[in-house]
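Here is a short briefing to read alongside the model. Have the viewer open and follow the residues as they come up.

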Amino acid sequence: MTDNAASSVGPLVTGAEIARLAGVTRAAVSNWRRRYDDFPAPAGGAANSPLYALAEVQEWLDRQRKGQEVSPEVELWQAMRAVYGEQMVVGLAQVAATLAGQTGPGLPDDVAARVRELARTGSPVDLVNGLTERFMDSARRAGSDQVTPERVVRAVCHFAPELPSDATVFDPACGIGVLLLSVASEAGILCRGQELDTDSARFAQLRADLLGRSGVHIVAGDSLRADEWPDLKADLVVCDPPAGVTEWGREELLLDSRWDLGTPSKAEGELAWLQHAYAHTVAGGQVLMVMPASVAYRKAGRRIRAELVRRGIVRQVIALPPGTATSHALPVHLWCLQRPESPGGADTQHTVRMVDLTDNSPDGDLEPRPDQVADVPLIELLDDTVDLTPGSHLRSRHRDYPGEYAALRKELEDQIRRLAALLPELATGGGPGSLEGATTSVADLARAGLVAYDGPEPVSASEQLDTDYLQGFLRSSANVRRSTSASGTYRFDGRGSRIPRMGIDEQRRYGSAFRALSAFEEGMRKVDELSRQLAEVARDGLAAGALAPEE
């Protein structure tokens, strides 16, 4: 749509924005588009993400009274919250069971009546999808990690491999099944899942049944302690494991055969989940694991990371944008593993692709730019830390070493030229001790109100005393010794120090020289820091091949 066309219809809104206007879910808006012939036609956007004229939408909502009264979907959700509170997933499972025609614990009468009415006027699939969406939105607003966030699901789907129609996908910590069913969206793909929370597992299975996904089978249980799929080998394993859990069963699983890469420490539960997922892959099968960023560099996991690298199992590590995990603002990583077809075979990996998207918006493009990608040789990763943080490896590869070296060298040369000009012209004085005859103590000056202590260094509080003159003499070796205690502590206020008595013009002459010396010292510190930076850039640039000695 052209800009002129867009301006002729006014502001455009998405389906999600219409949902917020009307206080319903996006699933409800999709239902309106199908059910109502007079729903506004798209005024722009693409087929899979249409845009609508805001004025037309508001007029339609007014005609339908959709934006002026609480929708039945909202009333159902509010009724469920009143009954189930923090146990909303129990209610979701009971609603799904009712829609599926199962017998068992019934819904409260008020909730059951609303479910029957909505199922009569719409489809059970739309209703259960709408409730799932509301549940995910409430978890996101609460900063809860109870379900995999929508942005994480989007990222996993983006980087997931293309699957054959007869593939098997497994999620050993599937929650309510959002990640599993999103990645394996084709109806023919077999889906297997396990979830510790019984109600979440039940809801995931019932939702899959209502969606007509006959190849989905989800069971309840502790995947690490009681694997319900011991013989399963999947083409793809996806997992957003519980993070920061130390009681994952290490003591009772010390001799478990899944720890082929090394027994995880108690603090490295994520690496236990990773090896569990890897154990369930076929030859050539892949794993996509959502991991906290700290797993990439923590000391306790170094050995396991080294084995992943050494055997060519880890193929790609992606640092996702901050805000992708809505329960916190820290970045999370997506680890992509692949089981080699055969050890040492032609498919053995010799590099790990590092992708750093931490500068991107969490809702932005997930396709990395060339400067956000680096293929790092395995040998470079197998050092004392085995750091798999993408940013650590991209910074060195995409630095402009020639530009940095040239800029630092020029700055150093300019600074050195300025140094000579900073040194004051000094003539021969009256000899050692010539200024010690007529002196006064700083304590006396302070009592007379000529010195103030309004900061780390004493300053003049009178036109009779020059500050640079005062501080210059206080920094002399003799006064530094007087200001140093028997324990070696230096007190800069120097109340016991003494300075020569001079008229204000003579003070200013000395003060000017002291001020120039201070500027010279500061310049020398700058030269020292520039020299260190310049040597580091030159050394690293030569080692990386970005710089070379002139012939």
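Are tryptophan 248 and tryptophan 259 buried or exposed? Tryptophan 248 is buried, and tryptophan 259 is buried as well. Please keep in mind that this is a predicted model. It has 551 residues, of which 45% count as buried, and its fold is made up of 20 helices and 16 strands.

**Confidence and overall make-up**

- The average pLDDT of the protein is 86, and 90% of the residues reach at least 70.
- Residues 1-7 are a stretch to treat separately: pLDDT stays under 50 there, and the model gives this stretch five contacts beyond four places in sequence.
- If you take the contacts with a sequence separation of 6 or more, 67% of them join residues 24 or more positions apart.

**Nonpolar cores**

- As general background, nonpolar side chains in soluble globular proteins tend to be buried together.
- In this model the largest nonpolar core has 65 residues, and Met80, Val156, Leu288 and Leu334 have the most contacts inside it.
- Helix α6 (residues 88-99) supplies the largest share of this core, with nine residues.
- A second core, separate from that one, has 42 residues, including Phe170, Val295, Leu388 and Leu394.
- Leucine 288 is a good place to centre your view: setting aside residues up to four places away in sequence, it touches Val156, Phe159, Ala160, Pro161, Leu236, Val237, Val238, Cys239, Leu334, Trp335 and Cys336.

**Two helices and their buried sides**

- Helix α9 spans residues 150-159, and Val152, Val153, Ala155, Val156 and Phe159 are buried in it.
- Looking down the axis of α9, these buried residues fall within an arc of 165°, so they line one face of the helix.
- The partners that the buried residues of α9 pack against are α10 (178-183), β7 (234-239), β8 (281-292), β9 (314-319) and β10 (332-338).
- In helix α4 (residues 54-64), the buried residues include Val57, Trp60 and Leu61.
- Those three cover an arc of only 100° around the axis, which puts them on the same side of α4.

**Aromatic pairs**

- The structure holds eight aromatic pairs.
- In one of them, the rings of tyrosine 36 and tryptophan 60 have centres 5.3 Å apart and planes at 75°, so this pair is edge-to-face.
- Tyrosine 36 sits in the loop between α3 (26-35) and β2 (44-46), while tryptophan 60 belongs to helix α4, so the pair ties together parts that are 24 residues apart in sequence.
- Both tyrosine 36 and tryptophan 60 are buried.
- Tryptophan 248 and tryptophan 259 from the opening question also form an edge-to-face pair, at 5.8 Å centre to centre with 90° between the planes.
- Tryptophan 248 and tryptophan 259 both lie in the loop between β7 and α12 (269-279), so their pair ties together parts that are eleven residues apart in sequence.
- Ring pairs also link Trp32, Tyr36, Phe39, Tyr52 and Trp60 into a cluster.

**Two buried residues with polar side chains**

- Arginine 305 lies in helix α13 (residues 302-310) and is buried, with a relative accessible area of 0%.
- Beyond its neighbours within four places in sequence, arginine 305 is in contact with Val295, Ala296, Tyr297, Arg298, Trp335, Thr385, Val386 and Leu388.
- One of these contacts reaches far along the chain: arginine 305 and valine 386 are 81 residues apart in sequence, yet 6.5 Å apart from C-alpha to C-alpha.
- Histidine 333 is in strand β10 and counts as buried, at 3% relative accessibility.
- Beyond its neighbours within four places in sequence, histidine 333 is in contact with Met289, Val290, Met291, Ala293, Ala296, Val317, Ile318, Ala319, Thr389 and Pro390.

**Cysteines**

- How many disulfides does the structure hold? The structure holds zero disulfides.
- Cysteine 157 counts as partly exposed at 32% relative accessibility, whereas cysteine 336 is buried, with a relative accessible area of 5%.
- Cysteine 336 is also one of the residues that leucine 288 touches.

Note on methods
Residues numbered from 1 in each chain as written. Predicted model: local features only at pLDDT ≥ 70, side-chain atom pairs only at ≥ 80, totals over all residues. Heavy atoms only, no water. Buried < 20%, exposed > 50% of the residue type's maximum accessible area, 1.4 Å probe, protein only. Helix = DSSP H or I, 4+ residues; strand = E, 2+ residues; numbered from the N terminus. Arc of directions from axis to C-beta. Contact = heavy atoms within 4.5 Å. Core = buried A, V, L, I, M, F, W, Y, C linked by side-chain atoms within 4.5 Å. pLDDT = per-residue confidence, 0-100. Disulfide = S-S within 2.5 Å. Phe/Tyr/Trp six-rings, centres within 6.5 Å; stacked < 30°, edge-to-face > 60°.
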